[in-house]
Structure formats: C-alpha cells, structure tokens
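The report below follows a few helices, the cores they pack into and the empty spaces beside them.

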Amino acid sequence: MTTVLKMAGITKKFPRVVANDNVTIELNKGEILALLGENGAGKSTLMNCLYGLYHPDEGEIIINNEKVTINNSDDAIRLGIGMVHQHFMLVPELTVTENIILGLKSSQEPFLDLKAAEKEVQILSDKYHFNVNPRSKIKDLPVGIQQRVEILKTLYRKANILILDEATAVLTPQEVEELFQVIKQLTAEGKSVLIITHKLDEVMALADKITVLRDGKVAGTTLKKDTNPKEL
C-alpha cells in the first residue's frame with residue numbers, strides 16, 4: 001500500500017502537560033485510520049498539529065514521502081489536508097456556498113464568481129448524495145446537513161486526507177450511517193481518512209486500522225481484522 005502520511009516522533013507540550021509524547025502514526029492511500037482513546041488522550045492535539053493549528057515541539061510530518069512544514073491551516077489545505085472539527089467552523093448568516101469559498105481566492109478577483117462556485121458545490125453535493133442546497137443559509141440547516149457542508153468544504157478544496165474529529169457526536173443514528181457510507185465512498189475513490197473517536201462500536205464498524213492513544217502516547221496500533229473491542 002502507498003503511504004500518504006507519516007507523523008513521526010511527534011511531541012507537543014503545554015504548560016505542565018505533555019499532550020503528545022513521541023507519537024508516530026502512518027496512513028495509507030484509501031485507508032480509514034481511527035485514533036482511539038479517552039478524552040485527554042492527545043488525539044485532537046495530534047490532528048491539530050497536522051492541520052497547522054498547533055506546532056509540534058519535536059518530530060516530523062511526511063506527506064507523500066516528502067517532509068513538510070505546516071505553519072497554518074492554509075499550508076495544510078495546500079498539501080491536500082482537510083479537517084472537520086467537532087464544533088463546526090461555519091458562519092450562520094452566510095449561504096452554504098459562501099461558507100465553502102470563504103477565504104479562497106476568486107478566479108475573478110476582486111469579484112466573486114458565486115454562480116460558478118454554486119454550480120461546483122451542487123455537483124459535489126449530488127456526487128455524494130448530500131442533498132445540500134448551495135443557496136441555503138447555514139442557520140436554516142439541521143446539524144447533520146451542516147456537517148455535510150463542512151465535508152463539502154474540504155472536498156471543494158481538493159483534500160485527499162480528511163480529518164474527522166468526533167464526527168458522530170452530534171448526529172442521529174441514521175445520520176451516522178449516512179456519514180459512514182460517505183466515508184467509505186471517499187476511500188473507495190482513493191482518499192484517506194483519519195477519524196478521532198472514543199466509541200469502540202464505530203471503530204469496529206468503520207476503521208481499517210486503529211491506533212490507540214493513552215496519556216499522550218501510542219498504546220498500540222493494529223488492523224481491525226486482527227483485534228476486537230475487548231482488546232482495544
């Protein structure tokens with residue numbers, strides 16, 4: 001399998017806390033890697049380092065066999081990394097399309113080509129059966145649809161590595177099932193997914209590979225087919 005991401009020896013310290021202690025993970029093309037652990041295990045901190053929101057104190061990040069420096073989220077997006085946060089980063093008063101293109105350069109600077117963007121968002125929405133209206137305002141959408149907008153935002157930016165932080169925390173069981181179908185479709189197309197979770201049943205239903213974090217350290221990594229909830 002082709003390795004698309006390696007985080008090697010990542011250490012991130014805060015005052016009186018070592019959030020990540022020499023953590024190494026690997027992600028392959030088309031793979032779903034679950035980062036499993038209790039709250040405070042260091043899962044989100046590690047992914048925030050990957051997305052440029054934190055800077056690791058030690059270690060290196062390798063994308064497609066090339067060592068990279070990620071200073072901010074713009075660097076991460078440029079490298080094909082997208083992140084859907086547990087608490088959505090959407091502006092309620094703006095439309096779906098306006099949220100998706102917010103912060104991006106327009107092909108018609110200094111003007112927005114909103115119609116072209118709406119068309120592209122609609123194409124992506126149809127492709128993944130999201131049933132998202134590009135012209136709807138975020139404030140009028142239920143939580144499950146808002147999450148789809150966040151995923152659309154990463155896809156619009158051409159992400160090949162998607163980070164999902166506790167993605168099912170706010171979803172109904174039906175929405176969880178629909179999300180899993182989307183994730184499997186994305187990986188079937190060759191995209192790779194990192195999912196942060198503490199739910200064993202979701203890990204066993206979705207992941208290909210599992211890395212367990214405990215107290216900021218890697219407790220172990222295993223393929224799903226080689227493990228069970230009790231061992232995890």
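In this predicted model, helix α4 covers residues 114-127, and its 14 residues reach 20 Å from the first C-alpha to the last, close to the 20 Å expected at 1.5 Å a residue. The buried residues of α4 are A117, E118, V121, L124 and S125. Seen down the axis of α4, these buried residues fall within an arc of 125 degrees, so they line one face of the helix. The face turned away from that buried side carries K115, K119 and I123, which are exposed. What covers the buried residues of α4 includes α3 (96-101) and α5 (143-156). Just after α4, H129 takes a positive phi of about 55 degrees.

Helix α6 (173-188) can be described in the same terms. At 1.5 Å a residue, the 16 residues of α6 should span 22 Å, and its end C-alpha atoms are 23 Å apart, which agrees. Buried in α6 are V176, L179, F180, V182, I183, L186 and T187. Viewed along the axis of α6, its buried residues fall within an arc of 160 degrees, so they line one face of the helix, whereas Q174 and A188 are exposed on the other side. The buried residues of α6 pack against β3 (32-36), α5, β7 (161-165), β8 (192-197) and α7 (200-206). After α6 comes G190, whose phi is positive, near 105 degrees.

I183 leads from α6 to the nonpolar interior. The largest nonpolar core has 40 residues, and those with the most contacts inside it are V96, I100, V149 and I183. Leaving out residues up to four places away in sequence, I183 touches I32, L164, V193, I195 and L206. Apart from the largest core lies another, of 27 residues, among them L33, L35, C49 and A76.

Two charged residues of helix α5, R148 and E150, deserve a closer look. Is each of them buried or exposed? With under 20% relative accessible area as the limit for burial, R148 counts as buried because its relative accessibility is 16%, and E150 counts as buried because its value is 2%. Their contacts, not counting neighbours within four places in sequence, are set out here.

| Residue | Relative accessibility | Contacts |
|---|---|---|
| R148 | 16% | H129, F130, N131, V132, E178 |
| E150 | 2% | V84, F88, M89, L90 |

H129, the residue with positive phi just after α4, is thus one of the contacts of R148. The C-alpha atoms of R148 and V96 are separated by 10.0 Å, although the two residues are 52 residues apart along the chain.

The remaining topic is empty space. A search of the whole structure finds one cavity of 30 Å³ or more, and about 80 Å³ of space lies in the largest cavity. Its lining consists of F130, G144, Q147, R148, I151, L171, E175, E178, L179 and V182, with α5 and α6 each supplying at least two residues.

In the largest pocket lies about 370 Å³ of space. Of the 20 residues that line this pocket, the closest to its centre are Y51, S73, I77, K153 and R157. The elements that give two or more residues to the pocket lining are α2 (73-78), β6 (81-84) and α5.

Note on methods:
Residues numbered from 1 in each chain as written. Predicted model: local features only at pLDDT ≥ 70, side-chain atom pairs only at ≥ 80, totals over all residues. Heavy atoms only, no water. Core = buried A, V, L, I, M, F, W, Y, C linked by side-chain atoms within 4.5 Å. Buried < 20%, exposed > 50% of the residue type's maximum accessible area, 1.4 Å probe, protein only. Contact = heavy atoms within 4.5 Å. Helix = DSSP H or I, 4+ residues; strand = E, 2+ residues; numbered from the N terminus. Expected span 1.5 Å × (residues − 1). Arc of directions from axis to C-beta. 1 Å grid on protein atoms, 1.4 Å probe; cavity = no way out; pocket = protein on both sides within 12 Å on 5 of 7 lines; lining within 4 Å. Points joined across faces, edges and corners; volume = space filled by probe spheres on them.
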